[in-house]
Amino acid sequence: MKSKVERKNNKVKKAENKVVAVNKKAVFDYYFEETFEAGIALEGSEVKSVKKGDVSLRDSFCHVENGNLELKNCRITPYAKVGAFPPDPTRSRRLLLHKSQIERLCGKAAEKGYTIVPVKMYLKGRFVKVEIALAKGKKNYEKKQVKKERDINRAAAREISNYNNR
């Protein structure tokens with residue numbers, strides 16, 4: 001029989017966030033100014049696909065339409081056992097934020113060089129959440145510098161491991 005402390009520890013483990021998808025391209029292409037946690041309106045079969053991990057945030061972005069923040073180009077592969085009419089995999093999905101947050105994001109995104117991008121999608125308890133960021137685009141020379149530094153670090157790590165293996 002489990003003690004009360006063990007049962008509490010099990011509950012804490014279940015409440016942790018499970019990251020389902022990360023937008024690595026956005027991390028490479030943008031500087032993040034602010035991040036927000038938003039809920040997302042999904043159909044039941046889409047939630048099952050997200051829990052399975054069939055999500056791609058690559059090339060997805062957020063756009064304000066009719067006072068609502070929408071996630072565009074996010075691909076959620078249809079659940080296999082959904083039935084005859086699966087939802088469109090790349091349909092626009094509504095992000096759930098407070099109206100004041102949406103207005104603030106909209107105002108900032110209207111400035112030159114700023115955009116709203118999804119950074120990651122994760123499960124928080126039984127809910128699916130999306131972390132979005134107000135982002136400013138990097139210049140091409142900044143991206144090349146990041147690639148160069150990554151290659152230098154990779155080569156140095158390779159040399160160190162070769163030296164240690166002798």
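Helices and strands here are DSSP runs, numbered from the N terminus; a helix has at least four residues and a strand at least two. The model is predicted.

**Exercise 1. The chain as a whole**

Determine which elements the protein chain holds, in what order they run, and how its spread compares with the globule rule.

*Solution.*
Step 1. Count the elements. The chain has 5 helices and 9 strands.
Step 2. Read them from the N terminus. The order is α-β-α-β-α-β-β-β-β-β-α-β-β-α.
Step 3. Compare the radius of gyration with the rule. The radius is 20 Å, and the globule rule gives 15 Å for 166 residues. The value is well over the rule, so the chain is more spread out than a compact globule.
Step 4. Add the spans. Along the principal axes, the C-alpha trace covers about 60 × 55 × 35 Å.

**Exercise 2. Contacts, surface and charge**

Describe how the chain is packed, what its surface consists of, and how far apart the mean positions of its charges lie.

*Solution.*
Step 1. Take burial. Of the 166 residues, 30% count as buried.
Step 2. Take the contacts between residues at least 6 apart in sequence. Of these, 67% join residues at least 24 apart.
Step 3. Take the surface. The accessible area is about 11500 Å², and carbon and sulfur atoms account for 50% of this area.
Step 4. Take the charges. There are 39 positive and 20 negative ones. Their mean positions are 6 Å apart.

**Exercise 3. Ser49**

Place Ser49 in the chain, decide whether Ser49 is buried or exposed, and name its contacts beyond four places in sequence.

*Solution.*
Step 1. Find the element. Ser49 belongs to helix H3, residues 44-52.
Step 2. Apply the cut-off. Buried means under 20% relative accessible area. Ser49 has 1%, so Ser49 is buried.
Step 3. Set aside the neighbours within four places in sequence. Ser49 then touches Asp54, Ile76, Thr77, Pro78 and Tyr79.

**Exercise 4. Two cysteines**

Decide why Cys74 forms no bond with the sulfur of Cys62.

*Solution.*
Step 1. Recall the bond. A disulfide is a covalent bond between the sulfur atoms of two cysteines.
Step 2. State the cut-off. The two sulfur atoms must be within 2.5 Å.
Step 3. Check the distance. The closest cysteine sulfur to that of Cys74 is in Cys62, 9.4 Å away, which is too far for a bond.
Step 4. Give the count. By this rule there are 0 disulfides. Cys62 is in none.
Step 5. Check burial. Cys62 is buried at 7% relative accessibility. Cys74 is buried at 0%.

**Exercise 5. Positive phi**

Locate Asp59 and Asn73, give their phi values, and classify their exposure.

*Solution.*
Step 1. Recall the background. Most residues other than glycine have a negative phi.
Step 2. Take Asp59. Its phi is near 65°, a positive value, and Asp59 is not a glycine. Asp59 sits in the loop between strand E3 (55-56) and strand E4 (61-65). With a relative accessible area of 46%, Asp59 is partly exposed.
Step 3. Take Asn73. Its phi is positive too, at about 65°. Asn73 sits in the loop between strand E5 (68-72) and strand E6 (75-76). At 40% relative accessibility, Asn73 is partly exposed.

**Exercise 6. Arg154 and Glu46**

Place Arg154, classify its exposure, and give its separation from Glu46.

*Solution.*
Step 1. Find the element. Arg154 lies in helix H5, residues 140-164.
Step 2. Classify the exposure. The relative accessible area is 45%, so Arg154 is partly exposed.
Step 3. Give both separations. Arg154 and Glu46 are 108 residues apart in sequence. From C-alpha to C-alpha they are 38 Å apart in space.

How values were computed
Residues numbered from 1 in each chain as written. Predicted model: local features only at pLDDT ≥ 70, side-chain atom pairs only at ≥ 80, totals over all residues. Heavy atoms only, no water. Buried < 20%, exposed > 50% of the residue type's maximum accessible area, 1.4 Å probe, protein only. Contact = heavy atoms within 4.5 Å. Rg over C-alpha atoms; globule rule 2.2 N^0.38 Å. Areas by Shrake-Rupley, 256 points an atom, 1.4 Å probe, with all protein chains shown as cover. Lys, Arg positive; Asp, Glu negative; His and termini not counted. Charge placed at Lys NZ, Arg CZ, Asp CG, Glu CD.
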